[in-house]
Amino acid sequence: MGASAGGLETFEHFFTHMPPDSDMAFVVVQHLDPSRASMMPELLQRFTRMKVLQARHRMAVQRNCVYLIPPNKDLTILNGVLRLEKLAVSHGSRLPIDTFFRSLAEDRRERAIGIILSGTGTDGTLGIKAIKEECGMVMVQEIKTAKYDGMPASAIDTGLVDYILPPDKMPGQLVRYAQRSFPWSAVRPVTLVDKAPDTLQKIFYVLRTQTGHDFSLYKRNTICRRIERRMNVHQIENAGAYLRFLQQNPQEVGLLFKELLIGVTNFFRDAEAFAALRRKYLPKLLTQKPKDYTVRVWVPGCSTGEEVYSIAIILRECLDRLKRNVEVQIFGTDIDSDAIETARTGAYPSNIVADVTAERLRRFFIKDGDVYRMRKDIREMVVFAPQNILKDPPFTKLDLLCCRNLLIYLDPELQKRVFPLFHYTLKPGGFLFLGSSESIGGFHEYFATTDKKWKIYQRRESVTAAPAVVEFPTTPLNKPAAGTPPPRKAREVLDRSLPELVTKFLMEDYSPACVLVSEKGDIHYIHGRTGKFLEPAAGRANLNIVEMAREGLRFELSAALRRARNQDAAVQYSKLQVRTNGGHQLVSLVVRRLQEPESVKGLLMVVFEEDEPPVITEVGKGKSGLSTRHHRRLAELEQELKYTKEHLQTTIEELETSNEELKSTNEELQSTNEELQSTNEELETSKEELHSLNEELVTVNTELQSKIDLLTQARDDMKNLLDSTKIATIYLDNNLCVKRFTAEATKVINLIQTDVGRPISHIVSNLRYDSLVEEVAHVLDTLVYRETRVQSKDGHWYLMRIMPYRTLDNVIDGVVITFVDIHHFFEQRLAADESQKLHLAAEASQRFAAGVVQTAREPMLVLDAELRVLAASKSFFETFRLAPDQTVRRLLHELGGGAWNLPRLRQMLEEIVPRDTCFGDFEVEHDFPGLGQKSLLLSARKITYEDFGYSLILLALEDVTKS
């Protein structure tokens, strides 16, 4: 998730609605002040029950956690582990969102999800392109809900965004997408190829019908992944339903077409590869060329043009270093017309600073607001045009062909057609520059490897396996079905009628050459062999028929096109002398405006037909005394004069028209100039106002910063004051939710930092006091403070005060609970109470013993918990011949000098001490000194005084010794 200014409010809406158990991990990347500690972890923790952590170096990413970038660091991810890198510069242009999104795309591939939220600038735009290249998902905040719309608008302008939603709607869509796309299952998902191969072919047909491009021979896995991703975006379960959705929604066909064409590129992608090309191979290429030489370069699949301009930049650097002055023509082509339009503007967002060095930015770019524009000298080296490499004619006579990261989308059958084409287009010794994931495969007879690491190859001089002529397809390529014969045999078994075949043969062999052109003469289609009439013009590539016309045909062709534009009848010229191969050829020219069908309405058809040369008889002289040869020469001069007059008249008419247009243009320019002057004055005024406003904002910012510092100091003082008093304090709002608390409060109530915002009733208390919440609510209702003593579960005593929280405006905004530690005041009282309790217990036992002595007729003892004799009956003293001073206050096993040390009796008495139990009629035999062998029946019972926490044992003895 990437955000800049206005991001906190957006994060609040997002995380408040995000379930804490989504099984996803969130990484928040912001533009932070490198000199200040970030408070974002504490702020975000208020909005989510997920664990919020500030990222640390080598921290493993866990699900259901939120990670935040720390200040003054760049954040990347590798193998699911976060990595921190120190910023190269502490201030200036930093692009942390682009940096992280790129690493996320490389690490998580199709499981990467990028979310762009409120912020200024264009950070994140290049990053979402990288995510889309790996079939990831991109979500952007709706512009009208963004406090600052710079980043969302820049992302939306790429056309690569899957969802545009307000922040509170994002979590629901995010969960649905994740559950649909990434079910937690170890089973390999069934792909579109496995389930519906026939449906896939029908999808290709729909694409080909609407866009004119055939994707059936592209890498099948790549195509299926992108189709399935579109299905996931629309929550469509099966391929048949998606096919119907395509048929019913033509705009989805365009979106799918864009999805399949996602070509993520950037300046100097694989910078070391470009450095190797610049250092080793371009100097070798340029030093061998004469001064008037034109270096020709072709970059097919150029996308939005970054790679084309990268080639132009390193060529310019090489030329300057070698001090060579040769012309450079670079042709950038792509199947995507929108991408070509972007490339033609030569304007790129400011985040290209991540890929282009400061020196190159200064030398080859012009900063224009938030964009960088290519300088004119670089822009003039480049020509962009829409082109399908698989069906359109290629550019030829090339010195360098740069085709990077295009071949990886083509299956081996298409590559077999492309590499011979590349060989044909390159000059002997020309270089082929491929991407890091591509190679020439088995086509070593076409190219020699010059740099295996950076995939730079050179055209071989002689290729034994190469065909003499390369055929260029003029219709979309279709992959043959299984079992169909090779292309040549396929033509022999085509299911055509005989009349159609005859017509086809006649058209191929006997119809004249013709060309379909626009009203401006731009060529749309060529039929037949036109080499005798047209040839490529020198200089920049130009497909205008007038510029390509051979000598002797250009003036008449230009006039015929102009006349045909303004009339329905065909324009015809006969016996035009056209120079060919050092001689002349008579040619007839017909230009006709097409009216139907609708698809070609407005186009002009130019037909060339060779005329038979006239029969020339070189005999004698005519009546005028001139030879036949002179007559022929005179006719040629008259014909040339006629054409010259027509051309002059045409030129005069065109000049008059141009003059009128220039007058009108001049007036418009004068008006525009006045408007620009007025606008310039307004801009100057606005600039002064903005300057003044900026100074005011700086002043206000300084004041606000000063207030923040004062508030920070006051906050620190208050914290130290509360900590020094050792008073536990808890602040609650009007809903009895925790607003803040001191460290001492955690000893009374189990509070942690994430409890801020939670109701106090949800938090476990350490007090032996169950009516805390009711007491707080009562104080808030009555506004009367409450004070009472409470005890913690570990026996600690506190004085609890509950008071209303009053603001400076005398507004009740919650309650304050304080706990003062008064335990030391109770220690002496508790000790006195304990002593008193023991004294009372002793008195009670003495009274009980006295009663026993007075009433018992049999031997009986009263023992305490330590088996110490507290009292004995008179019968006991008489029976066992013991004196009171030898019995009372002595341990049972010490009586009679150890004569009463009966282990079994002692064990049974110790067992009843911790439990309220008894035993009876326990018979023991023991030899008592002076009394002899005696048999005793013993009975014992425990008596507890609960009021004092004191226990006694009553032991009765019966002498059952037989006489």
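User: Hi! What share of the chain's residues count as buried?
Analyst: Of the 963 residues, 43% count as buried. Buried means under 20% relative accessible area, while exposed is over 50% and partly exposed lies in between, using a 1.4 Å probe and protein chains only. Keep in mind that this is a predicted model, where local features need pLDDT of at least 70 and side-chain atom pairs count only at pLDDT 80 or more, while totals for chains, interfaces and linings use all residues. Residues are numbered from 1 along each chain as its sequence is written, and side-chain values use heavy atoms, with hydrogens and water left out.

User: How many helices and strands does the chain have?
Analyst: There are 27 helices and 35 strands. Both are DSSP runs numbered from the N terminus: helices are H or I with at least four residues, strands are E with at least two.

User: Cool, let's look at a sheet. What is the strand order in the open sheet of 5 strands?
Analyst: The order is β27-β26-β30-β29-β28, with antiparallel pairing. Two strands pair if DSSP finds at least two bridges between them.

User: Why is one side of β27 and of β28 left without a neighbour in the sheet?
Analyst: β27 (738-741) and β28 (786-791) are at the edges and have a single partner strand each, so one side of each lacks a neighbour in the sheet. From one strand to the next, the twist averages 20°. Inside the sheet, β26 (residues 728-732) and β30 (residues 812-821) pair in the antiparallel sense over 5 bridges, and L732 stands opposite V815 in β30.

User: Which helix packs on that sheet?
Analyst: Helix α23 (residues 772-782) does, touching β26, β28, β29 (797-806) and β30. The direction of α23 makes about 35° with that of β29. For such angles, axes are lines fitted to C-alpha atoms, for helices over the stretch in contact, and values run from 0 to 180 degrees between N-to-C directions.

User: Switching to helix pairs: at what angle do α10 and α11 pack?
Analyst: Helix α10 (residues 239-248) and helix α11 (residues 250-260) pack at about 110°, with their axes 5 Å apart. That makes α10 roughly perpendicular to α11; the label covers 65 to 115 degrees, with under 35 roughly parallel, over 145 roughly antiparallel and the rest oblique.

User: Which residues meet there?
Analyst: Y242, F245, L246 and Q248 in α10 meet P250, E252, V253 and L256 in α11. Contact means heavy atoms within 4.5 Å. The residues of this contact divide into 6 nonpolar, 1 polar and 1 charged. Here Ala, Val, Leu, Ile, Met, Phe, Trp, Tyr, Cys and Pro count as nonpolar, Asp, Glu, Lys and Arg as charged, and the others, Gly among them, as polar.

User: And α3, which of its residues are buried?
Analyst: They are P96, I97, D98, F100, F101, S103, L104, A105 and D107. Right after α3 comes R109, with a positive phi near 55°.

User: Last one: how many residues lie between β19 and β20 in their hairpin?
Analyst: The hairpin has 4 residues between them, and K455 in the turn has a positive phi of about 55°. β19 (residues 447-451) and β20 pair in the antiparallel sense over 4 bridges, with D451 opposite I456 in β20. On top of that, 3 bridges join β18 (residues 426-434) to β20 (residues 456-459), and these strands run antiparallel. There, the bridge partner of F431 is Q458 in β20.
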